[in-house]
Amino acid sequence: PVQQTYSIASIPADGIGPEVIDAGIQVLNTLSETLGSFRFDFKHYDWSSDTYKKTGKYIPDGGLDQLKKHDAIFFGAVGAPEDVPDHISLWGLRLAICQTFQQYANVRPTKVFRGTQSPLRKCEPKDLDWVIIRENSEGEYAGQGGRSHRGQPWETATEVAIFSRHGVERIMRFAFETAQRRPRKLLTLVTKSNAQRNGMVLWDEVAEEISQEFPEVTMDKMLVDAMTCRMVLKPESIDTIVATNLHADILSDLAAALAGSIGIAPTSNLDPTRQNPSMFEPIHGSAFDITGKGVANPVATFWTAAEMLAWLGEEEASQKLLECVENVCERGIVTADLGGSAKTVEVTNAVCDEIKKLA
Ligand code: NAI
Ligand code: MG
């Protein structure tokens with residue numbers, strides 16, 4: 001049989017990024033060696049805040065063209081707030097990739113793993129199993145706005161949220177497709193169309209239109225503030241969520257915390273047209289407070305790796321990997337953020353051993 005090779009760009013970047021991406025690559029290589037039906041060809045890009053400090057750029061000239069040749073991008077975290085302002089690092093690397101490659105769908109699954117605990121009382125693993133679909137190209141994060149009269153008492157700054165029919169339609173269709181593939185076929189549309197009476201009303205209208213194409217999917221609607229209450233009080237009533245760039249950014253951090261830790265949550269930045277490579281990364285940032293201590297939770301990156309496998313078409317391998325990770329959590333081999341005492345390397349080795357049992 002022909003062995004499929006996937007060309008993956010790895011961009012570990014800053015802080016704990018390199019620690020968790022190393023762990024992720026070790027786990028992916030162990031999986032491919034054990035299963036034998038595919039392999040990975042990783043190419044490493046050392047683009048980071050250090051590069052920026054040395055060269056004034058995160059991505060060198062021609063860098064995005066190089067990146068475009070890969071099947072997927074495996075990303076760590078960017079941000080070195082002591083040295084580079086966060087808006088420079090985010091726009092210099094992560095958003096430069098997301099925007100250029102039209103990765104308009106940001107997918108953030110959350111669930112309570114076996115062996116981990118939600119901070120919510122009485123929340124069993126079956127009660128919290130969500131996918132948040134975040135619009136990833138528009139809203140407040142599209143770069144519209146400016147600053148005038150700098151330094152004056154009347155200094156003015158605007159952060160303009162933009163919503164295009166094209167942009168809303170494509171994310172809505174993606175969200176309905178996602179909901180349709182899940183057993184409950186339930187989509188919650190989150191907006192703030194009482195106060196934000198232009199863009200959010202467009203969201204409501206487009207959602208109604210697209211819902212006609214998906215008669216099997218039940219859609220309900222929530223205002224974003226009320227949604228935070230529902231997530232905390234009735235987690236079992238939720239399945240798939242679609243929301244704007246800003247709203248879903250915030251809701252997905254809440255979701256990760258409700259599932260037990262930001263250290264387990266993955267995210268995919270997808271170009272559903274598949275014209276460009278998609279990018280896969282843990283939700284968390286560079287976490288300089290724990291960098292170099294060997295205690296970063298690698299589980300978010302392992303789950304990220306599983307999401308990447310599924311996108312590449314290796315659904316079965318993806319499920320097996322996640323199963324192995326959950327087995328290790330269930331045995332109590334977890335890092336401090338999940339209440340354990342294992343180091344990054346211990347969790348990684350335990351997952352690799354679990355994978356080898358698949359042979
Ligand atoms: P953060 O996610 O880096 O850290 C928040 C807290 O969670 C810290 O206490 C940290 O130790 C803990 N934490 C995060 N990941 C963990 C893991 N894998 N295991 C155990 N504990 C973990 O968020 P923060 O502090 O707001 O941002 C730090 C930097 O990261 C900033 O420069 C920010 O801009 C950047 N950032 C980058 C992101 C990205 O590249 N996609 C996403 C979020 C933040
Ligand atoms: Mg965030």
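**Ligand shell and nonpolar core**

The shell around ligand 1 comprises 10 nonpolar, seven polar and five charged residues. These results refer to a predicted model. Of the 22 residues that surround ligand 1, those that come nearest are Gly-79, Gly-263, His-284, Gly-285 and Asn-297. With regard to secondary structure, helix H4, spanning residues 86-100, supplies the largest share of the shell around ligand 1, namely three residues.

In soluble globular proteins, nonpolar side chains tend to be buried together. In the present model, the largest nonpolar core contains 100 residues, and the members that touch the most other members are Ile-73, Val-242, Leu-321 and Val-325. Helix H9 (residues 299-311) contributes nine residues to this core, the largest share. Both domain 1 (1-104 + 265-359) and domain 2 (118-147 + 156-259) are represented in the core, each by at least three residues. When residues up to four places away in sequence are not counted, the contacts of Val-242 are Ile-133, Ile-171, Met-172, Ala-175, Leu-187, Leu-189 and Val-190.

Lys-53 was examined separately. This residue forms part of helix H2, which covers residues 49-55. Lys-53 is classified as exposed because 11 other C-beta atoms lie within 10 Å, the limit for an exposed residue being 12 or fewer. Lys-53 and Arg-39 are 14 residues apart along the chain, and their C-alpha atoms are separated by 35 Å.

Methods. Residues are numbered from 1 along each chain as its sequence is written. Chains are lettered from A and ligands numbered from 1 in the order in which they are written. This is a predicted model: local features need pLDDT of at least 70, side-chain atom pairs count only at pLDDT 80 or more; totals for chains, interfaces and linings use all residues. A residue is near a molecule or strand if its C-beta atom, placed from the backbone, lies within 6 Å of it. Helices (H or I, at least four residues) and strands (E, at least two) are DSSP runs, numbered from the N terminus. Ala, Val, Leu, Ile, Met, Phe, Trp, Tyr, Cys and Pro count as nonpolar, Asp, Glu, Lys and Arg as charged, and the others, Gly among them, as polar. A nonpolar core is a set of buried Ala, Val, Leu, Ile, Met, Phe, Trp, Tyr and Cys residues joined through C-beta atoms within 7 Å. A residue is buried if 20 or more other C-beta atoms lie within 10 Å of its own, exposed if 12 or fewer, and partly exposed in between; C-beta atoms are placed from the backbone. Domain bounds come from an automatic or database domain assignment. Two residues are in contact if their C-beta atoms, placed from the backbone, lie within 7 Å.
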